[in-house]
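Colleague: I'm new to this one. Could you walk me through how to read it, feature by feature?

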Amino acid sequence: MTALLEIRKLGKRFPARHGREPSPWVIQDLSFSVAEGELLTIVGPSGAGKSTLLNIIAQTDTASAGEIIVDGVPVTTRDPRALKPGIDRRIGYVTQDDNLLPWRSTLDNVLFALEVQDRLDDTGRARAQALIEAVGLAGFERYYPHELSGGMRKRTALIRTLVYDPPVILMDEPFAAVDAQTRTQLQADLLRLWEMGRKTIVFVTHDITEAIALGDRALVLSKQPSRIAAEHIIPIPRPRNVKDIFALPGFAATYEKIRADVQ
Amino acid sequence: MTDTPAPAVGAIRWRRLLDRVLVVAVILALWQLASWHVGIYWVSSPWGVTARFAEMTASGELIRHAGYTLAEAAAGTLIAGVPAVLLPLILRRHPVLVAILDPFMIGGYGAPKLAFAPLFIVWFGIGMESKIALVVSVVFFIVYFATLNGVRALDPKLVQTAQILGASERRIARHIVLPAAVPSIFAGFRIAVPYGIAAAVIAELISANRGLGFLVQTGATNFDTTGVFAAIAMATLLVQAAIWLMNALERALLRWRPPVDAWMETGP
């Protein structure tokens, strides 16, 4: 497997502003790579710079040091005005907040990317409808976001990115704000969708169980300045049953190992 | 914390209607009393105005004059409204230009536009053009600043999301900035349109040979208070109708918003 996304010695400090000094390094010397078709999870305590890391990869924020290489080509820039969010649709980003467009129905939110990319044809519509059905949103196509439950909004946000099939998808604790049962269901949905297409996913979470349940490999972030503190291959075979993940052989030992590394 | 259950929406609406009728009845009664005491010559009377209003409506005179005023106000609102909405959308990516324009826009917003009416008449003649020009000058700045506020209040995360999903700047303006600004745009028009109609009437008052302002002017010259009130009543009706139309349009465009409780709905 070749690395589709590579992060080399990434560093980040926030620039000086209004007479303040530049911030201390929040990320320093952070390196990892993701293979095509891999589901990589990154665990880190709150404030470890997880969102900042993903923002830099998605190019909604600049890096202060280091390089990001997508498909063999460096894409890093230090100039905020030269940022290309999503790097020409090659990086999808499912953020912590669902950021659904409140004036668009479920279906129109899912179709948004195809529409603005001028790729909205019958195939695209069929794909959107299939995804809507796959995550149990059938019958809610004409509902507006404010009429949906938290879990349904998360599902809509998830398939809104899946529908246009970006090569790499970043996920920033997308299931953090829902209750435990819904979260398990959403994790199962995500795994099912992933098994169908085997997208390259970088999934950030503070929840060790989630990192084990979803990932092929889990990276542990250190406290600030954050770097990769440890790497764990998840030895649990797929397909996995997320609901009974605790009972699967290998879970307990992996959990203990990761917990020891998370400060 | 309230323990009393909220009354049904229908009941609230009826109660509100009843209260409004009551307010109207009190005002009319006071007016009638005043006309008996002060004299019908000075303040006319509700009955006299109603009769004149009906008579002038039946003869088509009131409708014809109201039509001119309405046409001026509508044309002015359109001519001012389109650029007032588009400019902030286009300038969103050019904060320097907005900053350069700002003092001029504030000046235009603050200047007493009605004082320009005589000048507009000199420039554009006593026909509809001078009235439309005054309406434009009144409506433009109000709608511009309302839209600008809406654009500034936009959630940058929605823009970022759209960029990541591959939307061009033009698409973002159309699909993110414009819909997000719609409530502010309507807030602007709701304030601007009554002023616009008033501006048309006032421009007619100064110099015109038709329109509701012309009727007011003629009535005042002939000491016909009843005629003045009938024309003002018609102008008020125009404003009410315009607001009703805008509210209906806004409701249709903002179906996506969570419904508001009936008792929180306020006019205009």
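Colleague: Let's start with domains. Into which domains is chain A divided?

Modeller: Keep in mind that this is a predicted model. A domain need not be one unbroken stretch, and chain A shows that: domain 1 is made of 1-14 + 22-90 + 167-188 + 199-263, while domain 2 is 100-165. The C-alpha centres of domain 1 and domain 2 of chain A lie 25 Å apart.

Colleague: How many residues does each domain of chain A give to the contact?

Modeller: Nine residues come from domain 1 of chain A and nine from domain 2 of chain A. On the domain 1 side, helix 5 (residues 180-197) of chain A makes the largest share, with three residues. By type, that side of domain 1 of chain A has six nonpolar residues, two polar and one charged.

Colleague: What about the chain as a whole? Which helices and strands should I count in chain A?

Modeller: Chain A has seven helices and ten strands. Its radius of gyration is 18 Å, close to the 18 Å that the globule rule gives for 263 residues, so chain A is as compact as a globular protein of that length. Along its principal axes, the C-alpha trace of chain A spans about 50 × 50 × 35 Å. Of its 263 residues, 42% count as buried. You can also look at contacts along the sequence: of those in chain A with a separation of 6 or more, 71% are between residues 24 or more positions apart.

Colleague: Now strands. Why is strand 9 of chain A said to be largely enclosed by the rest of the structure?

Modeller: Strand 9 covers residues 217-221 of chain A, and four of its five residues are buried, so the rest of the structure largely encloses it. To read a strand, look for its partners and their direction. Strand 9 of chain A pairs in the parallel sense with strand 3 (residues 39-43) of chain A, over four bridges. One place to find that pairing is Thr41(A), whose bridge partner in strand 9 of chain A is Ala218(A).

Colleague: And how many bridges join strand 9 to strand 10 of chain A?

Modeller: Five bridges join them, and here the strands run antiparallel; strand 10 is residues 228-233 of chain A. Val220(A) stands opposite Ala230(A) in strand 10 of chain A. Follow the backbone from strand 9 to strand 10 of chain A and you pass through a hairpin of six residues.

Colleague: How do I read a sheet, then? What is the strand order in the open sheet of four strands?

Modeller: You list the strands as they lie side by side. In this open sheet of chain A the order is 2-1-4-5, with antiparallel pairing. Strand 2 (27-35) and strand 5 (73-74) of chain A are at the edges with a single partner strand each, so one side of each has no neighbour in the sheet. Strand 5 of chain A pairs with strand 4 (residues 65-70) of chain A through two bridges, in the antiparallel sense. In that pairing, Ile69(A) stands opposite Pro74(A).

Colleague: On to the other chain. How many helices and strands are there in chain B?

Modeller: Chain B has eleven helices and zero strands. Its C-alpha trace spans about 70 × 65 × 30 Å along the principal axes. Buried residues make up 36% of the 268 residues in chain B. Among contacts in chain B between residues at least 6 apart in sequence, 74% join residues at least 24 apart.

Colleague: Where do the chains meet, and how many residues of each are in contact?

Modeller: An interface can be read from both sides: 15 residues of chain B are in contact with 17 residues of chain A. On the chain B side, helix 8 (156-164) and helix 9 (169-206) each supply at least two residues. The largest share is seven residues, from helix 8 of chain B. That side of chain B divides into eight nonpolar residues, five polar and two charged.

Colleague: Last one: which residues touch the most other members of the largest nonpolar core?

Modeller: That core has 131 residues, and Val163(A), Leu170(A), Val135(B), Val139(B) and Val143(B) touch the most other members. Helix 7 (residues 128-152) of chain B gives the largest share, 17 residues. Domain 1 and domain 2 of chain A both give residues to this core, so it lies between them. To see one member up close, leave aside the neighbours of Val139(B) within four places in sequence: among its contacts are then Gly76(B), Thr77(B) and Ala192(B).

Methods:
Residues numbered from 1 in each chain as written. Chains lettered and ligands numbered in written order. Predicted model: local features only at pLDDT ≥ 70, side-chain atom pairs only at ≥ 80, totals over all residues. Contact = placed C-beta atoms within 7 Å. Nonpolar A, V, L, I, M, F, W, Y, C, P; charged D, E, K, R; others polar. Core = buried A, V, L, I, M, F, W, Y, C linked by C-beta atoms within 7 Å. Buried ≥ 20, exposed ≤ 12 C-beta atoms within 10 Å, placed from the backbone. Domains from an automatic or database assignment. Rg over C-alpha atoms; globule rule 2.2 N^0.38 Å. Pairing = 2+ DSSP bridges.
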